[in-house]
There are 4 protein chains.
Amino acid sequence: MQIESFKSLLPKYKCIFFDAFGVLKTYNGLLPGIENTFDYLKAQGQDYYIVTNDASRSPEQLADSYHKLGLFSITADKIISSGMITKEYIDLKVDGGIVAYLGTANSANYLVSDGIKMLPVSAIDDSNIGEVNALVLLDDEGFNWFHDLNKTVNLLRKRTIPAIVANTDNTYPLTKTDVAIAIGGVATMIESILGRRFIRFGKPDSQMFMFAYDMLRQKMEISKREILMVGDTLHTDILGGNKFGLDTALVLTGNTRIDDAETKIKSTGIVPTHICESAVIEL
Amino acid sequence: MQIESFKSLLPKYKCIFFDAFGVLKTYNGLLPGIENTFDYLKAQGQDYYIVTNDASRSPEQLADSYHKLGLFSITADKIISSGMITKEYIDLKVDGGIVAYLGTANSANYLVSDGIKMLPVSAIDDSNIGEVNALVLLDDEGFNWFHDLNKTVNLLRKRTIPAIVANTDNTYPLTKTDVAIAIGGVATMIESILGRRFIRFGKPDSQMFMFAYDMLRQKMEISKREILMVGDTLHTDILGGNKFGLDTALVLTGNTRIDDAETKIKSTGIVPTHICESAVIEL
Amino acid sequence: MQIESFKSLLPKYKCIFFDAFGVLKTYNGLLPGIENTFDYLKAQGQDYYIVTNDASRSPEQLADSYHKLGLFSITADKIISSGMITKEYIDLKVDGGIVAYLGTANSANYLVSDGIKMLPVSAIDDSNIGEVNALVLLDDEGFNWFHDLNKTVNLLRKRTIPAIVANTDNTYPLTKTDVAIAIGGVATMIESILGRRFIRFGKPDSQMFMFAYDMLRQKMEISKREILMVGDTLHTDILGGNKFGLDTALVLTGNTRIDDAETKIKSTGIVPTHICESAVIEL
Amino acid sequence: MQIESFKSLLPKYKCIFFDAFGVLKTYNGLLPGIENTFDYLKAQGQDYYIVTNDASRSPEQLADSYHKLGLFSITADKIISSGMITKEYIDLKVDGGIVAYLGTANSANYLVSDGIKMLPVSAIDDSNIGEVNALVLLDDEGFNWFHDLNKTVNLLRKRTIPAIVANTDNTYPLTKTDVAIAIGGVATMIESILGRRFIRFGKPDSQMFMFAYDMLRQKMEISKREILMVGDTLHTDILGGNKFGLDTALVLTGNTRIDDAETKIKSTGIVPTHICESAVIEL
């Protein structure tokens with residue numbers, strides 16, 4: 001397993017796609033020095049996007065969260081989130097009525113579409129269940145698990161509607177030792193109980209890469225060979241980037257540690273083009 | 001699909017094994033007339049056992065619940081529950097320390113074994129996590145789902161211990177239209193998040209049938225051909241009975257309805273020896 | 001369940017995407033009258049593409065097969081196949097060496113890329129296994145199942161390489177009563193033995209829709225709302241179309257029959273925008 | 001991870017259950033010195049059984065194969081195989097007609113039961129398909145994979161019959177570097193294509209342990225605490241032994257190697273009571 005310097009990879013590419021969690025930040029805050037990477041890219045005239053499986057907040061709120069940590073290079077227009085794909089889906093495919101959700105009120109806010117009423121699952125009852133046209137799973141907080149997961153199972157048994165989950169992770173790191181069940185994990189639970197599969201937006205699915213690639217092509221002439229996807233997770237970032245035809249770089253600052261990288265690559269058959277210790281560039 | 005009268009099947013067998021939920025009772029209470037069935041069996045000198053996937057109560061408490069409904073033929077010694085197999089497992093395989101549980105305090109009570117401390121998952125912390133030697137999932141009530149499911153995931157990541165679930169159903173009927181997620185469903189959730197399989201006791205596993213068969217053989221000379229398993233669920237009662245080598249009768253008073261019985265049998269390949277409308281005998 | 005006339009749906013759309021098998025043809029040959037549909041579309045000035053999970057032949061060969069049956073409207077440039085996505089993947093992501101394949105020599109022919117040697121799995125041995133950089137599963141014929149599936153399992157245990165399967169179906173209809181195991185089913189087999197997931201191209205994945213949509217946008221100004229996806233299979237055609245944001249029409253001439261359509265829609269939660277008996281237009 | 005001497009464990013137990021492959025023998029032949037272990041047990045007056053997931057031969061033929069290798073302590077009456085449980089199932093549950101099989105003629109031979117005709121899948125056609133009452137999967141050799149696996153899929157689509165597989169392994173070691181797909185793996189393939197689960201006999205299922213335990217109890221007074229299960233595979237031998245309530249010893253001469261034992265135990269949560277290098281006793 002050959003470890004390369006992240007900086008040494010860059011000359012080949014016109015644009016870099018970054019995953020967020022495990023690459024730019026951890027449960028602890030920003031990766032020290034990560035702002036240098038963006039300064040360097042700007043100095044070199046290279047473009048970048050953050051491609052993130054996050055449906056809990058709008059791009060504006062996500063950008064704000066970086067600004068509060070002192071990373072000002074990440075603006076809302078640089079963020080492609082699975083929440084944005086979810087919003088596009090609701091716009092195109094849900095024809096009025098209610099979209100029920102599991103998550104915080106805030107996570108539902110930015111999904112509001114013309115003629116659509118967003119209601120938490122807890123607010124669905126016999127009087128309005130007939131108007132529910134979709135269910136979206138957005139965040140693991142903001143609802144009572146016992147009551148609302150039971151309600152969700154019954155809602156999906158009674159109404160033949162699409163269920164969308166904008167997150168493919170089962171857990172996320174909470175501290176150095178503990179994880180929390182992510183809304184993607186909650187979705188997996190309900191799928192296994194109902195024996196059906198939900199619609200999932202987010203890496204490794206190609207749709208987010210396509211969204212970013214489309215935005216790029218409106219600005220410049222670029223081929224897939226000139227884009228590098230950088231991520232910490234084999235089965236989302238690296239698999240998704242590979243499948244879309246991009247070069248990929250695995251960084252060891254998140255879900256994949258230096259001592260299990262080789263084993264994981266071997267057992268999954270998901271092979272990154274490059275492996276780097278971190279996406280931080282020492283200036 | 002030929003429907004037979006339950007009474008007409010009985011002469012062939014020395015002992016009848018009954019599933020409980022969906023066969024003797026529903027969310028509504030006892031099946032009207034089910035007491036006749038037991039009176040009839042006693043009159044004919046035929047033996048019976050209740051073989052039930054229930055780990056939420058002791059056999060004594062289960063028997064009590066039938067007595068309160070007016071069915072006095074079901075005594076504790078006639079009940080084989082998956083909870084009893086769980087208790088045997090703890091007795092034989094857990095060598096002291098703490099057994100953590102998800103469920104009510106009552107469900108944990110009857111599992112207490114010499115030298116074992118039963119503690120709810122909520123009571124596990126850094127001070128005692130090192131002493132936890134097993135986890136049992138007993139009941140879907142009695143704990144805070146959000147906090148304790150997250151705690152359970154982390155407990156199983158930190159401690160290499162067996163996790164036992166004494167229930168194979170994902171849901172159970174709550175009313176005519178609604179279901180509730182069973183502790184078996186909660187277990188499925190956690191398994192899918194951790195990517196590992198728990199130890200499951202309960203039908204279709206052979207161990208409960210073996211337990212009942214052992215008790216029978218201590219009382220009489222009997223072969224598997226002389227036992228009939230009666231149940232409402234193909235993938236637990238009927239599959240389990242078939243696999244153990246018993247004749248099986250599917251009744252249509254619970255999970256399998258008359259209009260989907262044929263489709264379900266065809267799609268699963270689980271074929272009961274007999275199909276009956278109900279286990280109730282008209283006297 | 002409301003059945004609509006296919007013709008009545010068309011005015012709303014600028015372009016129609018058709019699945020091939022079960023929509024335009026069956027094991028029996030072309031659907032009688034299907035050529036009318038294409039004549040009608042041309043007369044109305046509406047565009048169309050065939051979007052098919054087929055990696056066994058090149059677009060040219062696929063087009064030829066329609067011409068031989070008397071359907072001349074389907075030319076190679078109108079066909080988007082999962083084989084084309086596979087070819088793009090090999091071009092972009094495989095850097096020389098050998099690509100091993102399961103399938104006929106013909107199926108491998110059109111995937112040849114500069115600097116890549118295509119070899120059947122049967123031709124891989126100790127002398128060249130080190131040069132194998134990818135495995136593709138193309139067709140269920142053209143190899144010895146016993147020898148070559150065993151060889152494939154060992155190849156993937158020894159080499160950490162991507163495995164690509166350009167087909168998501170487990171079986172395909174052979175006659176009115178019989179099916180054949182598709183190469184997608186063969187892939188599922190090997191995945192379950194190795195405990196890992198292959199890269200799958202083909203519906204419901206978005207990449208093929210994106211490919212067609214890109215070609216369309218180079219010719220005209222068009223939004224996703226102006227495209228209709230027509231298919232006979234819920235979990236590929238309809239799910240894929242829905243997920244990409246297109247309107248979808250389920251036709252009942254293939255995998256989904258009129259008497260099980262409602263049950264399947266209900267149990268999967270995959271809901272087509274429209275349901276039609278067939279894509280044939282009576283002139 | 002503490003490694004104990006196998007000999008030091010023995011005093012506690014009245015009977016030892018041994019897995020065969022990976023414990024007594026490998027693809028290379030007998031483990032050198034394994035005959036000492038049986039001499040020692042006999043000298044100490046301790047009983048033993050071989051509990052093996054093997055349905056390809058009768059206990060007599062299995063015993064013969066040990067005698068040919070020079071191990072005469074293993075006689076037919078000491079062998080409990082998953083094939084024997086399969087035979088009991090056919091005797092009790094198949095009421096005449098044809099049992100179709102995948103495997104060698106020899107593997108089918110010893111399953112013959114009164115009034116049952118054993119026929120290879122290749123011999124099933126329209127003239128006799130209506131008489132087929134069960135399918136058994138016995139061995140990965142003795143049939144044409146392409147033709148007979150396709151035939152099997154169609155047989156199970158047309159006939160609502162039980163399918164039994166007497167082997168839970170997906171692969172078995174062929175040489176130091178290569179594996180072969182086992183009939184258990186072939187079964188997994190067909191299950192995933194049909195979307196249904198077969199009846200599986202063999203460890204970790206309790207039925208084989210029960211069979212051996214029953215035989216023991218006819219000879220002596222013995223409790224589960226006085227039996228040790230010895231095996232090389234966590235998810236069959238160790239899980240099965242644990243679940244049945246036995247003490248278990250993992251040996252490192254087969255599927256589990258010394259350098260991955262700890263990782264596998266941690267990731268599966270299947271914990272043996274003891275870990276030993278080998279079941280060989282130096283005299």
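## Charges over rings

A charge sits over a ring if NZ of Lys or CZ of Arg is within 6 Å of the ring centre and within 35 degrees of the ring normal. In this predicted model, C:Lys224 does just that: its charged end sits over the ring of C:Phe244, 4.0 Å from the ring centre.

Chain A has an example to look at too. Here the charged end of A:Lys78 sits over the ring of A:Tyr48, 5.1 Å from the centre. A:Tyr48 also has ring company, since ring pairs link it with A:Phe6, A:Phe18 and A:Phe38 into a cluster.

## Aromatic pairs

Searching the whole structure turns up 36 aromatic pairs over all chains. One of them is A:Phe17 with A:Tyr49, an edge-to-face pair with 6.3 Å centre to centre and 80 degrees between the planes. A:Phe17 belongs to strand β1 (residues 15–18) of chain A and A:Tyr49 to strand β4 (residues 47–52) of chain A, so this pair ties together parts that are 32 residues apart in sequence. Are these two rings buried or exposed? A:Phe17 counts as buried because its relative accessibility is 0%, and A:Tyr49 counts as buried at 2%.

Next up is a tilted pair, A:Tyr89 with A:Phe201: the centres are 5.7 Å apart and the planes make an angle of 55 degrees. This one links distant parts of the chain, 112 residues apart. You'll find A:Tyr89 in helix α4 (residues 82–93) of chain A, while A:Phe201 is in the loop between β12 (199–200) and α8 (206–219) of chain A. Both A:Tyr89 and A:Phe201 are buried.

## How the chains sit together

Now for chains A and B. Rotate by 180 degrees, with 0.0 Å of shift along the axis, and chain B superposes on chain A with an RMSD of 0.0 Å. That is the relation of a two-fold axis. Which C-alpha of chain B is nearest the axis? That of B:Met189, which is 2.0 Å from the axis.

The interface residues fit this picture: 100% of those in chain B are also interface residues in chain A, so the copies meet through the same surface.

Some other chain pairings don't touch. Chain B and chain C are one such case, with their nearest C-alpha atoms 11 Å apart. Chain A and chain D do not touch either, and their nearest C-alpha atoms are 11 Å apart.

Methods
Residues are numbered from 1 along each chain as its sequence is written. Chains are lettered from A and ligands numbered from 1 in the order in which they are written. This is a predicted model: local features need pLDDT of at least 70, side-chain atom pairs count only at pLDDT 80 or more; totals for chains, interfaces and linings use all residues. Side-chain values use heavy atoms; hydrogens and water are left out. Rings of Phe, Tyr and Trp (its six-membered ring) pair if their centres lie within 6.5 Å; planes under 30 degrees apart count as stacked, over 60 as edge-to-face and the rest as tilted. Helices (H or I, at least four residues) and strands (E, at least two) are DSSP runs, numbered from the N terminus. Buried means under 20% relative accessible area, exposed over 50%, partly exposed in between (1.4 Å probe, protein chains only). Copies are superposed by least squares on the C-alpha atoms of residues with pLDDT of at least 70 in both. Contact means heavy atoms within 4.5 Å.
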